[in-house]
Amino acid sequence: MKKEELPQDESALKAMTRELLYVKDKEGKYTTGLSTGWEVKKAALDNAWDDIRERIETARLAVKNGEKSPIYYFMELRLMDFPVLSGYTGFWTFTIKRHLKPSVFASLSEKKLSVYAKAFDITVDELKNFKG
Amino acid sequence: MDFMTEPLAFGLGSGIFYIHIPFLQVNNGPAISYRSMPGWIFSRTCKSLGVKVVRKKFGNNEAAAKAYLDQKIKEGVPVGCQVGVFNLPYFPPEYRFHFNAHNLIVWGKEGQDYLISDPVMETVTKLSEEDMIKVRFAKGPLAPKGHVYYPENVKPVTTEMIKKGIIKGIKRSSRDMLHIPGNIAGVSGIKYTANHIRKWRDKFGPRKAGLYLGQIVRMQEEIGTGGGGFRFLYAAFLEEAHAYLKNDELLNISQDFTKVGDLWRSSAVQMGRIYKGRTNNDQKDFLICADLLTEIADLEKNAFLKLKKLKLDY
């Protein structure tokens, strides 16, 4: 890529930083150039966030309809998957999957609830009382 | 160490790579990487220059991890830290995923704040003690566990060492890209991804398949890649290698990698047309992307074969 072809599109990095790319100068030698962003990449990131928002909304409805426990909602809200939540809580994935059932969730001890609350950076009350 | 540049460090440490890890999902998309593990790159680069790297991990002991870092800073040693970016406050929110293989350098402390040089940021940044513990003890895959590292015994580096290191780095990269068994790593990994793209639309539907393409583009063009999935950075390295080794073929192969980087960017544009909805999301649009990746794989294969056969003397 030539230096003058470096895209300068608006992106999430606006007012925070610019990214460094390796580009060719007029003599055909490598140099560096700063870019504010590239719309191709911005669209990919925007899409990923649309998907995340949709997943969170799906999770909220599942809790509201009594199909899933609040753990499911906060997991999506905090962009976690099972390996990540497992890392933060120390629970195995299959244990967490069990805790996603509203009936099992209702019988969880305060201690286990507080482990989840800490992982999600919320209080136990916020976790217990989330109704969707 | 005034001779050191980013492309040189990247080349000495054989940074260029490709791998598509099957069955693993990252942020609900395919797990693809265009480079080797950052820790490996750093270790190899230091080793080739005769520099010893001290590394330390702390399990769950946050207090010990903090004390150790503070002590090193007090001694005036800049320390590399592996961190998770989810809780990194100065990162744009849109970039804060559970990604744990980010690295920054701590080089001082002002009151309760650490002074940070983060490769992503243009200027020096600060991080509070509390946030520092959070990011050093992020959990999940590749959890840093407080991992810190710093060079020790830095002796003068001779030009001969650099030349030797360049040759070793080049030979190791060509071996890794051409000869790792299996079909997921190196140039065959690129074809592996291409074959997956051919099936994604039927398997997951056009929308999810589009999101997967978006993930490929994001990994390729992420901040720090230098563009084109590190291929421009590698081309810049080969240009620097030429200045040391004076073998003109290196300049030609550098051109090859520039071409490859440009082609990776074209493939991103093509994928972008799909996930931005500028095409009908037909199977033929996915096939165009897959074919571009196959073409890239062939070009990279040729370039690495040339590097492998190159007789380099120092």
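**Figure 1. No salt bridges cross between domain 1 and domain 2 of chain B in this predicted model.** The rule finds 0 salt bridges across the interface of these two domains, but 2 residue pairs in polar contact, both at pLDDT 80 or more. Helix α2 (residues 38-48) of chain B gives 4 residues to the side of domain 1 that touches domain 2, the largest share. By class, this side of domain 1 has 4 nonpolar, 3 polar and 3 charged residues.

**Figure 2. Chain B is divided into two domains, shown here with the contact between them.** Domain 1 of chain B takes in residues 6-45 and 158-309, and domain 2 of chain B takes in residues 52-152. The contact is made by 10 residues from domain 1 and 10 residues from domain 2. Taken over C-alpha atoms, the centres of the two domains are 28 Å apart. About 790 Å² is buried between domain 1 and domain 2 of chain B, and carbon and sulfur atoms give 68% of this area. On the domain 1 side, N27(B), F42(B) and I223(B) supply 51% of the area buried against domain 2, more than any other three residues.

**Figure 3. Chain A and chain B meet in an interface that buries about 3,800 Å².** Of this area, 60% lies on carbon and sulfur atoms. Chain A brings 39 residues to the contact and chain B brings 48 residues. Between the two chains the count is 5 salt bridges and 17 residue pairs in polar contact, both at pLDDT 80 or more. On the side of chain A that touches chain B, the elements that give two or more residues are β1 (19-24), β2 (30-35), α1 and α3 (82-89) of chain A. Helix α1(A) provides 13 residues, the largest share of that side. The residues on this side of chain A divide into 23 nonpolar, 4 polar and 12 charged.

**Figure 4. A salt bridge links E122(B) and R18(A).** The closest N and O atoms of the pair are 3.0 Å apart. E122(B) lies in the loop between β6 and β7 of chain B, while R18(A) lies in the segment before β1 of chain A, so the pair joins two chains. E122(B) has a relative accessible area of 40% and is therefore partly exposed. R18(A) is also counted as partly exposed, at 36% relative accessibility.

**Figure 5. R207(B) and E54(A) form a salt bridge between two helices.** The closest N and O atoms of R207(B) and E54(A) are 3.5 Å apart. R207(B) belongs to helix α6 (residues 187-221) of chain B and E54(A) to helix α1 of chain A, so this pair joins two chains. R207(B) is partly exposed, with a relative accessible area of 44%, and E54(A) is partly exposed at 43% relative accessibility. A network of salt bridges that share partners joins K66(B), D70(B), K109(B) and E129(B). Over all chains, the structure holds 27 salt bridges.

**Figure 6. Within chain A, K41(A) forms a salt bridge with E19(A).** The closest N and O atoms of K41(A) and E19(A) are 3.1 Å apart. The pair links distant parts of the chain, with K41(A) in helix α1 and E19(A) in strand β1, 22 residues apart. K41(A) and E19(A) are buried.

**Figure 7. S69(A) is a buried loop residue.** The loop that holds S69(A) runs between α1 (39-64) and α2 (70-77) of chain A. S69(A) has a relative accessible area of 1%, so it is buried under the 20% cut-off. Leaving aside neighbours within four places in sequence, the residues in contact with S69(A) are V63(A), H99(A), L100(A), K101(A), P102(A) and F105(A). A59(A) is 10 residues from S69(A) along the chain, and their C-alpha atoms are separated by 9.2 Å.

**Figure 8. Helix α4 (residues 129-136) of chain B carries buried residues.** E129(B), M132(B), I133(B), V135(B) and R136(B) are buried in this helix. In an α-helix there are 3.6 residues a turn, so residues three or four places apart point the same way. The buried residues of α4(B) pack against α3 (62-74), β4 (79-83), β5 (102-110), β6 (113-117), β7 (125-128) and β8 (148-152) of chain B.

Conventions: Residues are numbered from 1 along each chain as its sequence is written. Chains are lettered from A and ligands numbered from 1 in the order in which they are written. This is a predicted model: local features need pLDDT of at least 70, side-chain atom pairs count only at pLDDT 80 or more; totals for chains, interfaces and linings use all residues. Side-chain values use heavy atoms; hydrogens and water are left out. Domain bounds come from an automatic or database domain assignment. Contact means heavy atoms within 4.5 Å. Buried area is the accessible area (1.4 Å probe) that two parts lose on being put together, summed over both. A salt bridge is a side-chain nitrogen of Lys or Arg within 4 Å of a carboxyl oxygen of Asp or Glu. A polar contact is a pair of N or O atoms within 3.5 Å; within protein, one must be able to donate a hydrogen and the other to accept it, and residues adjacent in sequence count only if both atoms are side-chain atoms. Ala, Val, Leu, Ile, Met, Phe, Trp, Tyr, Cys and Pro count as nonpolar, Asp, Glu, Lys and Arg as charged, and the others, Gly among them, as polar. Buried means under 20% relative accessible area, exposed over 50%, partly exposed in between (1.4 Å probe, protein chains only).
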